[in-house]
Amino acid sequence: MADSAQVPALVYLVTGGCGFLGEHIVRMLLEWEPRLRELRVFDLHLSSWLEELKTGPVQVTAIQGDVTQAHEVAAAMAGSHVVIHTAGLVDVFGKASPETIHKVNVQGTQNVIDACVQTGTRLLVYTSSMEVVGPNVKGHPFYRGNEDTPYEAIHRHPYPCSKALAEQLVLEANGRKVNGGLPLVTCALRPTGIYGEGHQVMRDFYHQGLRFGGRLFRAIPASVEHGRVYVGNVAWMHILVARELEQRAALMGGQVYFCYDKSPYKSYEDFNMEFLSPCGLRLIGTHPLLPYWLLVLLAALNALLQWLLRPLVLYTPLLNPYTLAVANTTFTVSTNKAQRHFGYKPLFSWEESRARTIHWVQAMEGSAW
Ligand SMILES: NC(=O)c1ccc[n+]([C@@H]2O[C@H](COP(=O)([O-])OP(=O)(O)OC[C@H]3O[C@@H](n4cnc5c(N)ncnc54)[C@H](O)[C@@H]3O)[C@@H](O)[C@H]2O)c1
Ligand SMILES: C[C@@H](CO)CCC[C@@H](C)[C@H]1CC[C@H]2[C@@H]3[C@H](O)C=C4C[C@@H](O)CC[C@]4(C)[C@H]3CC[C@]12C
């Protein structure tokens with residue numbers, strides 16, 4: 001691979017490059033990777049904003065494709081040096097079947113690895129998830145843990161199961177010989193709950209609040225900490241890993257890194273209010289307004305309704321037994337592994353991350369602002 005900082009020689013492929021995180025990675029690569037010659041954006045659904053990126057000095061190639069189709073992945077990857085595999089089916093609401101989630105997240109990842117081997121692409125960065133670790137089905141807290149903190153990772157839901165299997169495939173592929181005889185170098189990044197411009201669940205909560213006259217109702221105790229990280233910093237970690245992976249293959253190959261920044265430790269709901277309060281919403285109650293057993297019952301009822309209505313309509317409320325368990329179990333990280341291994345420091349301070357997110361909510365269509 002060319003090592004001169006001046007000569008743009010590298011070809012990057014970003015799968016899922018039109019998604020929430022993918023868009024930030026794509027834009028940041030164009031801004032922060034001077035060695036970039038071509039950026040291939042591979043996604044099932046191509047976004048119109050890609051067009052405006054095509055006028056810059058770097059060749060931006062939009063590729064409409066499906067990671068579950070091995071030949072499409074291999075064709076897109078031929079001649080690329082680095083793959084950032086962020087495409088995935090993020091579904092904890094029952095929109096897709098468990099089979100589809102497995103196919104996209106696990107088979108899709110296997111296809112990316114096989115394509116690396118086949119085409120001789122040597123560097124693979126995988127977007128994993130905190131859910132590979134937990135919260136587990138027993139609801140054990142993970143309090144400010146790091147990559148080495150012992151934790152019983154037991155999953156039943158299709159999404160965390162698929163992310164755990166996919167991550168394992170990526171880590172096991174580290175060192176495998178690719179076409180040309182050189183070893184593949186892989187690593188996995190595990191974001192906690194990502195927030196920032198473009199976050200769909202934040203959008204949903206905002207609109208829910210507007211429907212209830214500017215009010216949201218506390219359901220989770222303020223003492224339950226939920227890990228959050230700003231999308232710009234998650235993207236930045238991907239850029240740094242991709243940049244350093246070849247030079248530091250011995251140290252970084254086959255490793256996992258939690259994504260972290262200076263976002264405060266709070267409950268899921270209190271954290272959201274950091275952005276929604278300045279946009280005119282209020283969180284009602286200092287304690288949960290409903291007893292936990294009633295929430296469990298409502299979540300179970302939602303799951304039952306989803307099952308009963310499936311032949312007629314797709315009913316996918318935010319509250320289900322899985323989302324309740326995730327929101328109600330402390331899971332936060334405190335680590336400096338990324339700093340030690342590849343010099344990561346958050347690009348955006350908490351104040352900047354917050355300001356950018358608030359600005360995005362305020363600009364949203366139908367805003368109360
Ligand atoms: N959002 C979070 O809080 C969060 C947290 C941890 C990890 N992650 C991981 O980050 C990655 C990106 O998540 P996101 O929140 O940006 O989700 P997203 O849904 O916004 O983006 C995923 C992208 O992948 C694309 N995609 C889906 N199926 C595809 C297929 N078969 N072939 C090609 N492209 C396909 C989608 O079109 C979309 O553009 C995922 O792998 C997810 O598991 C997300
Ligand atoms: C009980 C409700 C009362 O207001 C709150 C329900 C909130 C849930 C919809 C979300 C709580 C935690 C979220 C998840 C978490 O931030 C981490 C994730 C990992 C990532 O890989 C995918 C997204 C998600 C599962 C995220 C989804 C939404 C929550 C469950």
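**Warm-up: how far to trust the model**

The protein in this predicted model averages a pLDDT of 95, and 97% of the residues score at least 70. For the complex, the predictor gives an ipTM of 0.97 and a pTM of 0.96. Where pLDDT is low, the predicted coordinates should not be read in detail. With that in mind, let's work through some exercises.

**Exercise 1. Place Gly196 in the fold and decide whether Gly196 is buried or exposed.**

Step 1: find the element. Gly196 sits in the loop that runs between strand S8 (193-195) and helix H6 (200-211).

Step 2: check the accessible area. Buried means under 20% relative accessible area. Gly196 has 0%, so Gly196 is buried.

Step 3: look for partners beyond the neighbours within four places in sequence. Gly196 is in contact with Phe20, Tyr230, Val231, Thr357 and Trp360.

Step 4: compare sequence with space for one of these partners. Tyr230 is 34 residues from Gly196 in sequence, yet their C-alpha atoms are 5.8 Å apart.

**Exercise 2. Do the same for Thr332: which strand holds Thr332, and what does Thr332 touch?**

Step 1: Thr332 belongs to strand S13, residues 331-333.

Step 2: the relative accessible area of Thr332 is 0%, so this residue counts as buried.

Step 3: setting aside neighbours within four places in sequence, contacts of Thr332 include Phe142, Tyr143, Arg144 and Gly145. Glu225, His226, Gly227 and Tyr265 are also in contact with Thr332.

**Exercise 3. Describe helix H7 and work out why H7 can be called largely enclosed.**

Step 1: H7 covers residues 231-244, 14 residues in total.

Step 2: from first C-alpha to last, H7 reaches 20 Å, close to the 20 Å expected at 1.5 Å a residue.

Step 3: count the buried positions. Because 13 of the 14 residues of H7 are buried, the helix is largely enclosed by the rest of the structure.

**Exercise 4. Find the largest nonpolar core and its best-connected residues.**

Step 1: this core has 76 residues, and Tyr12, Leu29, Leu39, Leu276 and Phe342 have the most contacts inside it.

Step 2: ask which element contributes the largest share. That is H7, with 9 residues.

Step 3: zoom in on Tyr12. Beyond its sequence neighbours within four places, Tyr12 is in contact with, among them, Leu29, Leu39, Val82, Ile84 and Ala242.

Step 4: look for a second core. Another one, of 24 residues, lies apart from the largest core and includes Val67, Ala76, Ala115 and Ala188.

How values were computed. Residues are numbered from 1 along each chain as its sequence is written. Chains are lettered from A and ligands numbered from 1 in the order in which they are written. This is a predicted model: local features need pLDDT of at least 70, side-chain atom pairs count only at pLDDT 80 or more; totals for chains, interfaces and linings use all residues. Side-chain values use heavy atoms; hydrogens and water are left out. Helices (H or I, at least four residues) and strands (E, at least two) are DSSP runs, numbered from the N terminus. Buried means under 20% relative accessible area, exposed over 50%, partly exposed in between (1.4 Å probe, protein chains only). Contact means heavy atoms within 4.5 Å. pLDDT is the predictor's confidence in each residue, from 0 to 100. The expected span of a helix is 1.5 Å times one less than its number of residues. A nonpolar core is a set of buried Ala, Val, Leu, Ile, Met, Phe, Trp, Tyr and Cys residues joined through side-chain atoms within 4.5 Å.
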